[in-house]
Number of protein chains: 2
Amino acid sequence: MFDPVCPSDLSPIRFADKWGGMVIRCLEGGPRRFSELRVPLRGITAKVLTQSLRTLERDGLISRTEMAGPIRHVEYELTALGRSMLAPMDVACAWTAEHWDELIDAREAAAS
Amino acid sequence: MFDPVCPSDLSPIRFADKWGGMVIRCLEGGPRRFSELRVPLRGITAKVLTQSLRTLERDGLISRTEMAGPIRHVEYELTALGRSMLAPMDVACAWTAEHWDELIDAREAAAS
DNA sequence: GGGCCTGGTTACCTTCCGGGTACCAGCTAG
DNA sequence: CTAGCTGGTACCCGGAAGGTAACCAGGCCC
């Protein structure tokens, strides 16, 4: 789903850290487990994902819940605050999509 | 106008690099010269401002014009692309302002 | 000539971010 | 006993970002 060489790297708008925005997108559809997040975030290592999740939690955007039971089960979920950030993110995505060609052109013109 | 310890550092939404968003805000009202930009961006050094301006120019968000004449005169101005980014920035600012307390609370809760 | 304004450049240093590898405990299935 | 899944942690590394201090040319004023 998300590529390590994500096109959004070209966008001047960034949410949280490098993977933060994508993590939030992954949680948009409901709670997810650690290993479930690693699937769409292709190429992310456990360490980096942990890092990103801890930061998002510190900033109050997601919550971490250890479920009871014999086997280990941790769920990450968007908080109300995190969910409220989806709106600005949509705006940013729309802007990036709309001006995609201009962004590419600017880079190419600058490279030459 | 802008503080080096800008409150927006707490916002998970960032535009361009550290000073990029503020530079764009400074140019909102029309073209500005290098030294005019240094006034509101308190504490920014020439090198860092140059760096930021070069990046913004590379990304097609601002334009740099050397004016003719005996004394040196350089003007920086928002391009159409740069100006179009003001809308997403407004949305981001509004979100940050609206959820300011929650952002602070989250940090404080995490610190304890 | 000396000082100041213009808009920078250069070298250097420090911090942070992201990533790679290895390793861990707890539980389960074969 | 061994392998595999869960969700991580510890350690090291390289590169980029951000900042400091010094210096620069060109033109102005005195």
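Colleague: How far is the side chain of K18(B) from a phosphate oxygen of DNA strand D?

Modeller: The model is predicted, and every distance discussed here is computed from it. In this model an N or O atom in the side chain of K18(B) lies 2.3 Å from a phosphate oxygen of DNA strand D. To read such a pair, recall that N or O atoms within 3.5 Å count as a polar contact.

Colleague: What distance separates the side chain of S35(A) from a phosphate oxygen of DNA strand D?

Modeller: For S35(A), an N or O atom of the side chain is 2.4 Å from a phosphate oxygen of that strand. R33(A) has a partner of another kind: an N or O atom in its side chain is 3.2 Å from a sugar or linking oxygen of DNA strand D.

Colleague: How many residues surround DNA strand D, and which are the closest?

Modeller: A residue is counted as near if one of its heavy atoms lies within 4 Å of the strand. By that rule, 20 residues surround DNA strand D, and the closest are S35(A), R64(A), Y76(A), K18(B) and K47(B). On the DNA side, sugar and phosphate make up 72% of the strand D atoms that come within 4 Å of the protein.

Colleague: Which classes of residue form the surface near DNA strand D?

Modeller: One sorts the residues by class and counts each group. The surface near DNA strand D holds nine charged, eight nonpolar and three polar residues.

Colleague: Which elements each supply at least two residues of the surface near DNA strand D?

Modeller: Chain A contributes α2 (34-38), α3 (46-58) and β4 (74-78) in this way, and chain B contributes α3 (46-58). The element that gives the most is α3(A), with four residues.

Colleague: Where do the side chains of β4 in chain B point?

Modeller: One follows the strand residue by residue and asks which face each side chain takes. Along β4(B) the side chains alternate: V74(B), Y76(B) and L78(B) point to one face and are buried, whereas E75(B) and E77(B) point to the other and are not. In chain A, the covered face of β4(A) consists of V74(A), Y76(A) and L78(A), and the uncovered one of E75(A) and E77(A).

Colleague: In what sense does β3 of chain B pair with β4(B), and over how many bridges?

Modeller: Pairing is read from the bridges between two strands. Strand β3 (residues 62-66) of chain B pairs with β4(B) in the antiparallel sense over five bridges, and T65(B) has E75(B) as its bridge partner. Strand β2 (residues 32-33) of chain B is joined to β4(B) by two bridges, and these strands run antiparallel. Here the bridge partner of R32(B) is Y76(B).

Colleague: Which residue of β4(A) stands opposite I62(A)?

Modeller: I62(A) stands opposite L78(A). The strand β3 of chain A (residues 62-66) pairs with β4(A) over five bridges, antiparallel. In addition, β2 of chain A (residues 32-33) pairs with β4(A) over two bridges, also antiparallel, and R32(A) stands opposite Y76(A).

Colleague: What pattern does chain A follow along the sequence?

Modeller: One lists the elements in order. Chain A reads β-α-β-α-α-β-β-α-α-α, with six helices and four strands. Its C-alpha atoms fill a box of roughly 60 × 25 × 20 Å along the principal axes.

Colleague: What share of the 112 residues in chain A is buried?

Modeller: A residue counts as buried under 20% relative accessible area. In chain A, 39% of the 112 residues are buried. The accessible surface of the chain comes to about 6,000 Å², and 56% of that surface belongs to carbon and sulfur atoms.

Key:
Residues are numbered from 1 along each chain as its sequence is written. Chains are lettered from A and ligands numbered from 1 in the order in which they are written. This is a predicted model: local features need pLDDT of at least 70, side-chain atom pairs count only at pLDDT 80 or more; totals for chains, interfaces and linings use all residues. Side-chain values use heavy atoms; hydrogens and water are left out. A polar contact is a pair of N or O atoms within 3.5 Å; within protein, one must be able to donate a hydrogen and the other to accept it, and residues adjacent in sequence count only if both atoms are side-chain atoms. Ala, Val, Leu, Ile, Met, Phe, Trp, Tyr, Cys and Pro count as nonpolar, Asp, Glu, Lys and Arg as charged, and the others, Gly among them, as polar. Buried means under 20% relative accessible area, exposed over 50%, partly exposed in between (1.4 Å probe, protein chains only). Two strands pair if DSSP finds at least two bridges between them. Accessible areas come from the Shrake-Rupley method with a 1.4 Å probe; for residues, only the protein chains shown count as cover.
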